[in-house]
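Q: I should like to learn how to read the features of a protein model. May we go through one together?
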Amino acid sequence: MVIKETGRKNRIPFNQRLFLSVFTIFLGFVICFFLFQYHWEKGFAQEKLNIVLSNYNYQLYRYSQNTDPLGKVVDHFIRDIPQKDLRVTIIDPSGNVLFDNSGTEEYDNHNDRPEIKKARMFNEGFAIRSSSSTGQRYFYSASNIGDYIYRTALPYDLNVKKLLSIDKGFIYFIIVMTLVFFFVFSHFTFSIGRTISKLRDFAYNIDKGVIPETEYIFPNDELGDISQNIVTLYHRQQKAKNDLSMEREKLVKHFQYSKEGFAMFSATGKENLSNILFIQFINIISDIRIHQADEAIEVPELEEIRTFIHKNINNQKHKKKVLRESLTIDKDGKIFLIECLLFLNNSYEISINDISRQEEETRMKRQLTQNIAHELKTPVSSIQGYLETILSNPDLPADKREFFLERCFSQSSRLTHLLRDISVLNRLDEASNMFDLTDISIPNLVKEIEKESAKKMEEKGISSEVILPGNPVIHGNYSLLYSIFQNLYDNAIAYAGENIHITLNCYKEDPNFYYFSFSDTGVGISEDHINRIFERFYRLDKGRSRKIGGTGLGLSIVKNGVNFHRGQISAKSTPGKGLTFFFTLKRKYKYTFAQENAEKNGSDSFRKSGNYFFKWIGCSISPPEYQYPTVCATITS
């Protein structure tokens, strides 16, 4: 990894490599063009000088046609031309020098001279070389006229060099164009380099997991537009990824905290996702210890699910819709509903739901319905029988008629109480948030109950004692609190016996609860019945209960009323020594600014968020759920 990073640091940037490669190609092209043009210009200059000297050769030929000696002819020729330093040579077909005005007396055969060779072959030839005769450098031009070579030469001095020099205009043009190309292309590659560098940094930050905090601004060109689109698409992809991750996290959390076991599998049966409850439930169902969700499909109890999957996983008809199969298993006193969904891509999910409670509730509702029907049947049948007797016997004595009517009224009152108690229980089960809450003084409430029950207690010789130190106040529903204590008194009066003593005691309090006990010194009940006395319509002595007129719902109303006020209730009894109920009721919370705000907004608005109470802690921090300016309370459920 270090070598890779070092290589990256030492690597030439792309824009520089692009510039160097293209500029090198351009420079190579310019050099080639320059060399070609240079040679062409140089050759052109030599051709021009050669043409001039070639004309001299032909003029010399015409002059030589006179009968004058060659020396005199040459002198006359040179006087007629501007180049007075012109060297003139005449060579015969054998290569011997017939005449030369350089002053040299001895000459070698000249057929081996380059300009002579060219003239012998092409009639014209020129060369720049040093003379072997004089040792001086010349520009030679030779013409083949009738196999005789007429050669003229100019000393290769400054004047000749000037004549042979090339036009430097094209050199300056090439230099200027090269510089223009250099600056324009360098600017272009620099712009590309900035864009690519930003893209490289962007990709590097992404690779390192560092999300860029600054916006990337690219040049206003096509490459910049493409780069900006890449960055925009990345941010969109990241946002979609984050949203998807959040949704996935929510889904995973939902599965983890779900009350049903859940597992998802690939088409090959490999686990993709599962929660803890799935393993727990599958181990309850299976007699074989299961450690991984992948092993669940092999459990013998899931044979029906396994057959369903194997039958449909490669079925072409399955490709058109999602298939579903369910199975109910009763194991070790628990009832599980197992459902399997087979998706279009052959992946599948299995959910295990513990429906024991639902089944129990269904059973209890069925039993409750039967009990209600049974309880309603007795008073209705009695009323119907008494009225039928009265209607069928017009001459019935007045005292008998009055007796039957009193019995009808008694049974109708019992029916009214039964319907009232059923209505209270239904409200507690289904609409507990509809009860109004106020501050209730328990001593005042108990005094009213004792006044109403005084006559019955006096008839049975029952005495009572109320011990409520500190004047306990409950923030709750008056009718439910009244029903709690009223039913406790009614239960003791009806079933505990005569000449007993009743004691209501608030024996403890803490910052959250009041602790009450309600006891009597009556007959008590056996241990077999103590755990069932709070069940609806449960009676120890059904015949005696109906004779007394009870509905069998009193203690059930007591338990539900205590639960509504966030308390708990239990009972303790010893046959022959009485019955004692222990229960708690939530204390009234201390008055806070939160309550003041809630009351300004309406008392219901303070209670609608799940019937939460506030516990004073002496702070000045507002709970985020309520957003009060200064609240000195925390929420406790």
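A: Certainly. The structure shown is a predicted model. Let us begin with a single residue and its accessibility: at 24% relative accessibility, Phe 181 counts as partly exposed, because buried requires a value under 20% and exposed a value over 50%.

Q: Is Phe 26 buried or exposed?
A: Phe 26 has a relative accessibility of 19%, so it counts as buried.

Q: How should a pair of aromatic rings be described?
A: A pair of aromatic rings is described by two values, the distance of the centres and the angle of the planes. In this structure the count comes to 25 aromatic pairs. One of them joins Phe 26 and Phe 181: the ring centres are 4.0 Å apart and the planes stand at 20 degrees, so this pair is stacked. Phe 26 belongs to helix α2 (residues 14-64) and Phe 181 to helix α6 (residues 169-207), so the pair ties together parts that are 155 residues apart in sequence.

Q: How do Tyr 61 and Tyr 150 pair?
A: Tyr 61 and Tyr 150 form an edge-to-face pair, with 5.5 Å from centre to centre and 80 degrees between the planes. Since Tyr 61 lies in helix α2 and Tyr 150 in strand β5 (residues 148-155), the pair ties together parts that are 89 residues apart in sequence. As for accessibility, Tyr 61 is partly exposed at 29%, whereas Tyr 150 is buried at 7%.

Q: Which residues do ring pairs link into a cluster?
A: The cluster consists of Phe 23, Phe 26, Phe 181, Phe 182, Phe 183 and Phe 185.

Q: Which charged residues lie over the face of a ring?
A: There are two cases to examine. Arg 137 lies over the face of Tyr 156, 5.5 Å from the ring centre. Lys 508 lies over the face of Tyr 515, and here the distance from the ring centre is 5.0 Å.

Q: How many salt bridges does the structure hold?
A: A salt bridge is read from the distance between a side-chain nitrogen of Lys or Arg and a carboxyl oxygen of Asp or Glu, which must be within 4 Å. The structure holds eleven salt bridges. In one of them, the side chains of Arg 87 and Asp 100 meet at 3.1 Å, N to O. Arg 87 is in strand β1 (residues 87-91) and Asp 100 is in strand β2 (residues 97-100); the pair links distant parts of the chain, 13 residues apart. Both Arg 87 and Asp 100 are buried.

Q: Where do Glu 115 and Arg 129 lie?
A: First, the contact itself: the side chains of Glu 115 and Arg 129 meet in a salt bridge of 2.7 Å, N to O. Glu 115 is in helix α4 (residues 114-122) and Arg 129 in strand β3 (residues 124-130), 14 residues apart. Each of the two, Glu 115 and Arg 129, is buried.

Q: What is the accessibility of Arg 324 and of Glu 339?
A: Their salt bridge should be described beforehand: the closest N and O atoms of Arg 324 and Glu 339 are 2.5 Å apart. Arg 324 lies in strand β8 (residues 323-331) and Glu 339 in strand β9 (residues 334-342), so the pair ties together parts that are 15 residues apart in sequence. Arg 324 counts as exposed at 55% relative accessibility, while Glu 339 is partly exposed, with a relative accessible area of 22%.

Q: Which residues do salt bridges that share partners join into one network?
A: The network is made of Glu 115, Arg 129 and Arg 151.

Q: Why is helix α16 described as largely enclosed?
A: One counts the buried residues of the helix. Helix α16 (residues 554-564) has eleven residues, and nine of them are buried, so it is largely enclosed by the rest of the structure. Among the buried residues are Leu 555, Ile 557, Val 558 and Phe 564. Just after α16, Arg 566 takes a positive phi of about 60 degrees.

Q: Where does pLDDT stay under 50?
A: The predictor's confidence is read residue by residue. The mean pLDDT of the protein is 78, and 81% of its residues reach 70 or more. However, pLDDT stays under 50 over residues 1-6 and over residues 590-637. Beyond four places in sequence, the model has three contacts for residues 1-6 and 73 contacts for residues 590-637.

Methods. Residues are numbered from 1 along each chain as its sequence is written. Side-chain values use heavy atoms; hydrogens and water are left out. pLDDT is the predictor's confidence in each residue, from 0 to 100. Contact means heavy atoms within 4.5 Å. Buried means under 20% relative accessible area, exposed over 50%, partly exposed in between (1.4 Å probe, protein chains only). Helices (H or I, at least four residues) and strands (E, at least two) are DSSP runs, numbered from the N terminus. Rings of Phe, Tyr and Trp (its six-membered ring) pair if their centres lie within 6.5 Å; planes under 30 degrees apart count as stacked, over 60 as edge-to-face and the rest as tilted. A charge sits over a ring if NZ of Lys or CZ of Arg is within 6 Å of the ring centre and within 35 degrees of the ring normal.
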